[in-house]
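Morning, everyone. I have two short topics today, backbone angles and cysteines. Please have a look at the screen.

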Amino acid sequence: MKIEIDNGSGFCFGVTTAIKKAEDELAQGHTLYCLGDIVHNGMECERLRQMGLVTIDYDEMTRLHDVKVLLRAHGEPPETYELARRNNIEIIDATCPVVLQLQKKIKKNYELRMTDDEESQTHHSEFVIRNSQIVIFGKKGHAEVLGLVGQTQGNAIVIEKFEEVEKLDFTRPVYLYSQTTKSLDEFHKIIDYISSHMSPGVDFRSFDTICRSVANRMPNISQFAARHDLILFVCGRKSSNGKVLFEECQRVNANAHLIEGPEEILPEWLSGIDTIGICGATSTPKWLMENCRDAIYSIMHNSQCTMHNS
C-alpha cells in the first residue's frame, strides 16, 4: 500500500506565524492568553495548551488586566484593541498580513465620505457615497468576518452563500469584499449575479480579497484527490477553509473522509485500497497528518498479524 502526504497541505503563512509567536512567548516562561482557539484544530490547540497557552473568550478578556494576550491570525475588530488599552493588556498581534490589509481596505472604504463632485472624480477609485452597501462574502460569526464587520461599526452586510445575494438593494451602490478563505468560484458567481442586477448607472465594485495561499490549493488538492483510491482529509470541523477544500476532494473522489485525527480512521476503509492520500486544511499541522499515516501502517500491521495468527 502506498501512502502519500500532500506537500501542499498544512499551515499557511498566517497560522505558522501565529503559532511561532505563541511558542516564542511560552518558551520565555511568560503567561500567555489567546483570544479564541489559535487555530481551528483541536489537537494543535491541546499541544499549545500543554506548553502553557491559555485560551480565553471575550468575556474573560474583559476581566483581565496587566497580562499578555495573543490575537490569532483571523484578526479582531477595533473594540478588542480598545479593551486591551483600557485594561493595560499587552497585545501580541498575530493577525495575518492578508487579513490586516483587508481590514484596512474595508475601514478606509467605510470611513471615506466625499460629497464634492470634483474631488470625488479625482479619487474615483476610492470614492464611497453615504448610501453605499459594504458587503462581505463570508461565514457569519466566523472570527475573521467579525473582525471585518467591526471595521464598519457593524454596518457591513454579510452574505454567507450565493442564495443570500438577493437581499441586497440593487438601487444602491455595492462594494463587495470576501473573507480570505472563501471559494473563488462562488465569489465570482456572486459578482456575476450582482453585476447583472444592478440598476442602470448605480456603482458596483468588487475586490478580490481571497487569499491565494488558500485559493491556489484548490486545483492542487483536486489533482491530489484524483490520483488516490482513498483520501483522508485531516481537519478540525470548525475550519472554514477546511470545509471548502474537503468539498473539493469529495467532488473529485467520492471515497474521501474528513477526520480530525488518527483515532477516527476505520479499518474497513483500507480494505482493497492500493493508494491513500492524506491532506488537510491551512489549520492542519504536518505532524498530525504524519500521525494519521503511522496509524494506517499500525492498523495494517495488526491486521496482518491477526491473519497470520489465525
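I will take the backbone first, then the cysteines. Keep in mind that this is a predicted model.

Start with D66. Its phi is positive, about 55°, and D66 is not a glycine. Where does D66 lie? Find the loop between helix 3, residues 58-62, and strand 4, residues 68-71. D66 is in that loop. Buried or exposed? D66 is exposed, with a relative accessible area of 56%. The cut-off for exposed is over 50%.

Now go to Q153. This residue is not a glycine either, and its phi is positive at about 55°. Q153 sits in a loop too, between helix 7, residues 143-150, and strand 7, residues 157-159. Its relative accessible area is 66%, so Q153 counts as exposed.

On to the cysteines. How many disulfides does the structure hold? Zero. Let me show why with two of the cysteines, C34 and C211.

Take C34. The closest cysteine sulfur belongs to C45, and it is 7.6 Å from the sulfur of C34. A disulfide needs the two sulfur atoms within 2.5 Å. So that pair is too far apart for a bond. C34 is also buried, at 0% relative accessibility.

Next, C211. Its sulfur has C96 as the closest cysteine partner, at 5.9 Å. That is too far for a bond as well. C211 is buried, with a relative accessible area of 14%. Buried here means under 20%.

To recap: D66 and Q153 have positive phi, and the model holds zero disulfides.

Note on methods. Residues numbered from 1 in each chain as written. Predicted model: local features only at pLDDT ≥ 70, side-chain atom pairs only at ≥ 80, totals over all residues. Heavy atoms only, no water. Helix = DSSP H or I, 4+ residues; strand = E, 2+ residues; numbered from the N terminus. Buried < 20%, exposed > 50% of the residue type's maximum accessible area, 1.4 Å probe, protein only.
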